[in-house]
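Grab a pencil and work through these exercises with the model open beside you. Try each task before you read its solution.

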Amino acid sequence: MTGPELLPVADGARTRAAVAALLRPQRGAALLAFAVMTGSTAVGLLVQPLLGRIVDLAADGGSADAVTATAALLAAVAVAQGLSAGHGLSLLSRLGESALARLRERFVERALALPLDRVEKAGAGDLTARVTADVSLIAEAVRNALPELVRSLLTIVLTLGAMALLDWRFLLAALLAVPVQALTARWYVRRAVPLYAAQRVAAGAQQQQLLDTVAGSSTVRAFRLEHAHTERVAARSRSVVDLTMRGVNLVLGFYSRLHIAEYLGLAAVLFTGYWLVRDGSASLGTATAAALYFHSLFGPVNAALALLDDAQSATAGLARLVGVTDLPAEPDDERTVRPGGTDVTVRGLGHAYRPGHPVLHDIDLTIRHGERVALVGASGAGKTTLARLVAGIQPPTSGTVLVGGVPPTALDGTGSLALITQETHVFAGSLADDLRLAKPDATDAELRAALDRVSALAWADALPDGLGTVVGEGGHQLSGAQTQALALARLVLADPPLVILDEATAEAGSAGARALEKGVARAVDGRTALIVAHRLSQAAAADRVVVMDAGRIVETGTHDALRAAGGRYAALWAAWSDTRTAPHP
């Protein structure tokens with residue numbers, strides 16, 4: 001079996017071009033932020049020469065007034081540097097957040113425009129991971145790593161320049177640490193990337209094992225597998241701990257090597273200062289300022305190197321987002337055709353999700369205007385695939401599907417048809433807002449009428465705040481039957497002439513099934529409907545029943561005619577009826 005066709009990932013050049021495009025509208029803001037950060041860093045570099053000045057005054061027996069004046073300048077520098085740094089970081093954060101917001105908008109826009117079959121081939125997990133984990137990773141980098149990295153790099157460059165201004169030999173001494181730091185960074189990155197990837201895999205395996213054990217706890221206890229599952233969880237946990245400790249040791253080795261570079265460079269600067277002072281080429285204060293400059297590099301250099309890992313992770317996440325935003329949009333004229341009616345005509349239809357593995361074979365089906373047709377059959381018979389092709393989710397591999405004489409993949413988005421599956425999403429917000437997704441200008445009276453039509457008004461009124469009750473994530477949790485009723489109410493508000501229901505009552509328990517089936521009947525009343533029947537009671541209420549098996553239509557007719565024929569449908573009905581009437585122990 002082939003794996004999922006993951007969504008594309010942009011290469012380095014395209015990712016850099018996308019970042020440049022995001023920042024282009026804010027070139028002025030970017031230049032201002034850079035200028036303020038540079039000025040703030042430059043002001044901060046006055047501290048070391050001022051401290052050196054105090055050293056010179058003390059060594060030469062300078063007056064107390066001179067020392068006091070220098071100390072006052074130090075205080076002024078600290079205030080100016082703090083204010084300018086705060087303003088610069090604010091500008092930089094605003095720049096990063098604005099660019100991130102535009103990236104999010106483009107990503108969501110392209111993700112919503114992706115053909116559903118493209119998303120399904122990639123797997124919903126791939127798109128979900130990009131819109132959650134990758135976006136969070138980039139946001140964290142923009143808010144924390146980016147400002148710190150910019151400030152650290154500016155400090156390193158300007159500090160080295162300041163050392164050269166004191167005396168070029170101080171700069172040469174400081175640069176003795178660079179080879180060690182470069183080798184350390186290379187050593188760390190080569191080991192950190194695969195190690196952290198292994199950690200994420202191990203953590204995911206541990207989480208999955210925990211979920212499997214907890215979710216299947218009743219089965220585990222029934223088969224007395226507690227010890228075996230405990231051992232599996234323990235083994236997964238040991239793997240995570242081992243990899244975590246390897247990461248800790250890696251970080252310790254990283255900083256140990258950095259410390260060697262720091263001490264090597266500091267020793268070289270101190271020796272150079274001693275030599276220059278003895279030679280009379282520099283004062284004691286100048287040598288002190290050079291040593292303080294180099295010491296002040298410890299923090300920025302360590303921060304810049306430590307942020308390499310964050311930068312790599314954020315860049316990888318950014319490439320995944322850009323890979324989606326770069327996908328070509330469908331031409332505007334692809335879905336602009338309006339159907340000439342709601343008749344559905346299927347001729348010679350065949351379909352395969354993978355080449356050489358067809359799931360539908362030579363399907364011929366006609367659904368007349370206003371007719372309600374139920375698809376029934378065993379699991380895997382091809383019912384959902386046929387429903388998806390009629391809904392225009394994807395084009396068929398062979399044959400034709402026409403809705404009102406038009407391929408459903410070419411229909412415009414003005415509500416010509418609607419597809420409702422058992423996987424209905426409840427959006428976070430009030431119940432009224434959730435309903436108005438189908439009709440934004442609907443009045444409260446129209447919302448109540450739609451709910452009443454699908455037998456959902458009673459429970460909606462019983463909610464804590466009625467239509468104003470917050471539902472979805474973080475709000476009032478709706479039951480499976482209530483969620484499906486909400487989808488049916490949206491259907492009533494959208495008022496499409498053609499409706500396709502793919503097991504839209506499957507999530508309802510037995511208690512809510514009858515009420516939900518009545519709601520389905522009222523919601524599709526007066527519309528052309530293709531219903532993938534989860535319960536055969538829906539088939540009995542349909543105008544026509546189509547029985548599928550192994551990707552083919554094997555029977556078609558009314559409920560009564562098919563029962564009397566004694567064929568596949570009659571057997572299905574008899575088996576279903578027996579389960580409904582069998583006494584419970």
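A pocket, on a 1 Å grid over the protein atoms alone, is an open set of points where a 1.4 Å probe fits, with protein on both sides within 12 Å along at least five of seven lines; lining residues have an atom within 4 Å of a point. A volume is the space filled by probe spheres set on the points. This is a predicted model, where local features need pLDDT of at least 70 and side-chain atom pairs count only at pLDDT 80 or more, while totals for chains, interfaces and linings use all residues. Residues are numbered from 1 along each chain as its sequence is written, and side-chain values use heavy atoms, without hydrogens and water.

**Exercise 1. Describe the second largest pocket and its lining.**

Step 1: start with the space, which is about 810 Å³.
Step 2: look at the 29 lining residues; Val19, Leu23, Val142, Leu146 and Leu318 sit closest to the centre.
Step 3: find the helices (DSSP runs of H or I, at least four residues, numbered from the N terminus). Helix 1 (12-23), helix 2 (27-44), helix 4 (64-113), helix 6 (124-166) and helix 12 (298-325) each give at least two lining residues. Helix 6 has the largest share, with seven.
Step 4: sort the lining into 23 nonpolar, four polar and two charged residues. Here Ala, Val, Leu, Ile, Met, Phe, Trp, Tyr, Cys and Pro count as nonpolar, Asp, Glu, Lys and Arg as charged, and the others, Gly among them, as polar.

**Exercise 2. Work out how helix 10 and helix 11 pack.**

Step 1: read off the angle of about 170° between helix 10 (residues 226-279) and helix 11, whose axes are 9 Å apart. Axes are lines fitted to C-alpha atoms over the stretch in contact, and angles run from 0 to 180 degrees between N-to-C directions.
Step 2: name the arrangement. Angles over 145 degrees count as roughly antiparallel, so helix 10 and helix 11 are roughly antiparallel to each other.
Step 3: list the contacts (heavy atoms within 4.5 Å). Glu262, Gly265, Leu266, Val269, Leu270, Gly273 and Val277 of helix 10 meet Leu284, Ala287, Ala290, Ala291 and Phe294 of helix 11.
Step 4: sort these residues, and you get nine nonpolar, two polar and one charged.

**Exercise 3. Do the same for helix 15 and helix 17.**

Step 1: helix 15 (residues 444-453) and helix 17 (residues 480-494) pack at about 125°, with axes 8 Å apart.
Step 2: this pair is therefore oblique, the word for angles outside under 35, over 145 and 65 to 115 degrees.
Step 3: Glu446, Leu447, Ala450, Leu451 and Arg453 of helix 15 touch Ala489, Val492 and Leu493 of helix 17.
Step 4: the contact residues split into six nonpolar, no polar and two charged.
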